[in-house]
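Colleague: I am new to this structure and would like a close look at a single part of it. Could you choose one helix and take me through it slowly, together with its surroundings?

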Amino acid sequence: MPCPCHKAQNMEDRQFKGVWIPAEIWLDGELTLTEKALLAEIDSFSGNGKTFYKSNDTIVQEYKVSRSTVSRAIKRLAQLGYITTSSD
């Protein structure tokens, strides 16, 4: 049964790997646990050349963290060169 938390994005758009954080992400001592989880999720959605397009508000609801935590995580992942962002 699909997880109800992913209704906002088609499962066909996702290269779903389950609850999996690749070793290179997990072992990166510069990342917080939230950053690791978010980066692993972005990686699973973008594996087939797709773009990860969840809003910050959706991530806040799914991760049960504050908006500032999500914004800070996204900013740090971009600063560290893991992701690029846009405001479309």
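Modeller: What follows is a walk along helix H4 and then outward to its neighbours, in a model that is predicted.

To place the helix, it helps to begin with the whole protein chain, which has four helices and zero strands, so that its elements, read from the N terminus on, run α-α-α-α. Of the 88 residues of the chain, 30% count as buried, and among the contacts with a separation of 6 or more, 55% are between residues 24 or more positions apart.

Helix H4 covers residues 67-79, and because each residue should add 1.5 Å, its 13 residues should span 18 Å, which agrees with the 18 Å between its end C-alpha atoms. Val70, Ala73, Ile74 and Leu77 are the buried residues of H4, and because they fall within an arc of 95° when seen down the helix axis, they line one face of the helix. The general reason behind such a pattern is that an α-helix has 3.6 residues a turn, so residues three or four places apart point the same way. Turned away from the buried side of H4 is a face that carries the exposed residues Lys75 and Gln79. Just after the helix, glycine 81 takes a positive phi of about 85°.

One residue of H4 that deserves a separate look is serine 68, which counts as partly exposed because its relative accessibility is 43%. Its side chain makes a polar contact of 3.1 Å with the side chain of serine 66. Serine 68 can also be related to asparagine 56, since the two are twelve residues apart in sequence, while their C-alpha atoms are 9.5 Å apart in space.

The buried residues of H4 pack against helix H2 (33-45) and helix H3 (56-63), and each of these directions can be followed a little further. Towards H3, the loop between H3 and H4 holds lysine 64, a residue that has a positive phi of about 55° although it is not a glycine. Lysine 64 counts as exposed because its relative accessibility is 70%.

Towards H2, we meet a helix of 13 residues that reaches 19 Å from its first C-alpha to its last, close to the 18 Å expected at 1.5 Å a residue. The buried residues of H2 include Leu38, Leu39, Ile42 and Phe45, and the buried residues of this helix pack against helix H1 (23-26), H3 and H4. Glutamate 41 also lies in H2, and it counts as buried because its relative accessibility is 8%. The side chain of glutamate 41 is joined to that of tyrosine 63 by a polar contact of 2.7 Å.

The two helices against which H4 packs also take part in the largest pocket, where H2 and H3 each supply at least two residues of the lining. That pocket holds about 580 Å³ of space, and of the 20 residues that line it, Phe52, Tyr53, Thr84, Thr85 and Ser86 are the closest to its centre. H2 gives the most to this lining, with four residues.

Terms used
Residues numbered from 1 in each chain as written. Predicted model: local features only at pLDDT ≥ 70, side-chain atom pairs only at ≥ 80, totals over all residues. Heavy atoms only, no water. Expected span 1.5 Å × (residues − 1). Buried < 20%, exposed > 50% of the residue type's maximum accessible area, 1.4 Å probe, protein only. Arc of directions from axis to C-beta. Contact = heavy atoms within 4.5 Å. Polar contact = N/O pair within 3.5 Å; in protein donor to acceptor, adjacent residues only side chain to side chain. 1 Å grid on protein atoms, 1.4 Å probe; cavity = no way out; pocket = protein on both sides within 12 Å on 5 of 7 lines; lining within 4 Å. Points joined across faces, edges and corners; volume = space filled by probe spheres on them.
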